[in-house]
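Me: I would like to learn how to read a fold from its model. Where do we begin?

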Amino acid sequence: MKTIGLTGGIASGKTTVSNTLRELGAVIIDADKIAREVVEKGKPAYVDIVSYFGEEILLKNDQLDRKKLGSIVFSNPCHLEKLNQFTHPRIFKAIDKKINYYKQNQSNRVIILDAALLIETDLKNKVDEVWIVVVPKILQIQRLMERDGLSFEEANQRIKSQMPTEKKIPFADRLINNSGDLEELIKQVKKIWGMIMRE
Ligand code: ATP
């Protein structure tokens with residue numbers, strides 16, 4: 001069965017789409033979850049991060065203070081590059097391992113790799129198809145503000161810090177249009193599922 005990379009901008013609806021695909025029978029690899037796992041206390045990426053950024057980026061329980069780390073790296077590109085050097089190869093390796101595991105052990109199932117940075121990284125080369133969730137910017141801002149309790153400016157800033165969706169679209173084998181309500185989105189995903197099941 002196929003391995004499909006699912007991507008799209010922040011709050012575009014990737015999780016909603018992947019949850020629907022899971023219910024339909026796909027196996028989901030959540031890149032965000034893996035990214036959190038590789039920096040858990042004691043893991044090699046954690047050790048590198050603490051030795052570079054210092055113990056002041058730790059919470060009282062010794063886990064990384066992701067918020068603090070985020071504010072440091074997003075205000076300094078050199079620090080961001082360093083953090084990516086510590087984490088990205090390990091995230092990619094873990095994803096690769098998971099894809100290979102599912103290919104061997106769940107070979108009759110569709111594998112979905114849900115990854116915000118699919119296009120920006122080598123992850124796009126690990127999948128057979130790229131699906132992109134597309135949403136009009138105004139709805140994206142609205143949903144992001146609502147979900148994360150952000151102001152208009154904060155939501156806009158987060159969207160602007162990502163690769164623009166227009167630049168990702170040429171890489172897409174399929175676009176999922178999330179400009180309607182949740183019911184329409186789920187209906188669309190079910191229709192696409194039906195199509196790939198017949199391929
Ligand atoms: P992130 O990039 O932050 O992981 P995401 O792409 O996974 O986000 P979701 O979390 O699925 O996006 O969706 C963002 C928010 O918008 C959620 O609160 C979700 O319930 C809501 N949402 C998604 N699609 C719709 C829709 N069609 N109508 C209304 N709300 C929606």
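Reply: Begin with contact, which means heavy atoms within 4.5 Å. Keep in mind that this is a predicted model. By that cut-off, Val-127 touches Thr-3, Ile-4, Gly-5 and Leu-113, not counting residues up to four places away in sequence.

Me: Where does Val-127 lie? Is Val-127 buried or exposed?

Reply: Val-127 lies in the loop between β3 and β4. Buried means under 20% relative accessible area. Val-127 has 11%, so Val-127 is buried. For a distance across the chain, take Leu-58. Leu-58 and Val-127 are 69 residues apart along the chain, and their C-alpha atoms are separated by 35 Å.

Me: Now the whole chain. How many helices and strands are there?

Reply: The chain has nine helices and five strands. Read from the N terminus, the elements run β-α-β-α-α-α-α-β-β-α-α-α-β-α.

Me: How does the radius of gyration compare with that of a compact globule?

Reply: Compare the chain with a rule for globules. For 199 residues, a compact globule would have a radius of gyration near 16 Å. The chain has 18 Å, which agrees. Along the principal axes, the C-alpha atoms fill a box of roughly 55 × 45 × 30 Å.

Me: What share of the residues is buried? And what makes up the accessible surface?

Reply: Buried residues are 40% of the 199 in the chain. The accessible surface comes to about 11,600 Å². Carbon and sulfur atoms account for 51% of that surface.

Me: How do I read contacts against sequence separation?

Reply: Take contacts between residues at least 6 apart in sequence, and ask how many span a long stretch. Here 69% of them join residues at least 24 apart.

Me: Next, the sheet. What is the order of the strands?

Reply: Read a sheet by strand order and by the sense of pairing. This one is an open sheet of five strands, in the order β2-β3-β1-β4-β5, with parallel pairing. β2 and β5 stand at the edges, each with a single partner strand, so one side of each has no neighbour in the sheet. From one strand to the next, the twist averages 25 degrees.

Me: Which residues stand opposite each other in the sheet?

Reply: Go pair by pair. β1 and β3 pair in the parallel sense over four bridges. Thr-3 has Ile-111 as its bridge partner in β3, and Ile-4 stands opposite Ile-112. On the other pairing of β1, five bridges join it to β4, again parallel. There, Thr-7 stands opposite Ile-132. β2 and β3 also run parallel, joined by four bridges. Ile-112 in β3 is the bridge partner of Ile-28, and Ile-29 stands opposite Leu-113.

Me: How many residues of β1 are buried? Which way do they point?

Reply: Look at each side of a strand in turn. In β1, six of its six residues are buried. Thr-3, Gly-5 and Thr-7 point one way, while Ile-4, Leu-6 and Gly-8 point the other way. β3 is covered on both faces too. Ile-111 and Leu-113 are buried on one side, and Ile-112 and Asp-114 on the other.

Me: How do I find the buried side of a helix?

Reply: Start from the helical repeat. An α-helix has 3.6 residues a turn, so residues three or four places apart point the same way. Now take α1, residues 14–24. Its buried residues are Lys-14, Val-17, Ser-18, Thr-20 and Leu-21. They cover an arc of only 160 degrees around the axis, which puts them on the same side of α1.

Me: What covers the buried residues of α1?

Reply: The cover includes β1 (3–8), β2 (27–30), β3 (111–114), β4 (129–134), β5 (174–177) and α9 (182–198). α1 lies across β1, β2, β3, β4 and β5, and runs at about 150 degrees to β1. Helix α5, residues 77–105, packs on the sheet as well, touching β1, β2 and β3. The direction of α5 makes about 165 degrees with that of β3.

Me: One last check. Which residue just after α1 takes a positive phi?

Reply: Backbone angles are worth a look where a helix stops. Just after α1, Gly-25 has a positive phi of about 125 degrees.

Definitions and conventions:
Residues numbered from 1 in each chain as written. Predicted model: local features only at pLDDT ≥ 70, side-chain atom pairs only at ≥ 80, totals over all residues. Heavy atoms only, no water. Buried < 20%, exposed > 50% of the residue type's maximum accessible area, 1.4 Å probe, protein only. Helix = DSSP H or I, 4+ residues; strand = E, 2+ residues; numbered from the N terminus. Arc of directions from axis to C-beta. Pairing = 2+ DSSP bridges. Axes fitted to C-alpha atoms, helices over the stretch in contact; angles between N-to-C directions. Rg over C-alpha atoms; globule rule 2.2 N^0.38 Å. Areas by Shrake-Rupley, 256 points an atom, 1.4 Å probe, with all protein chains shown as cover.
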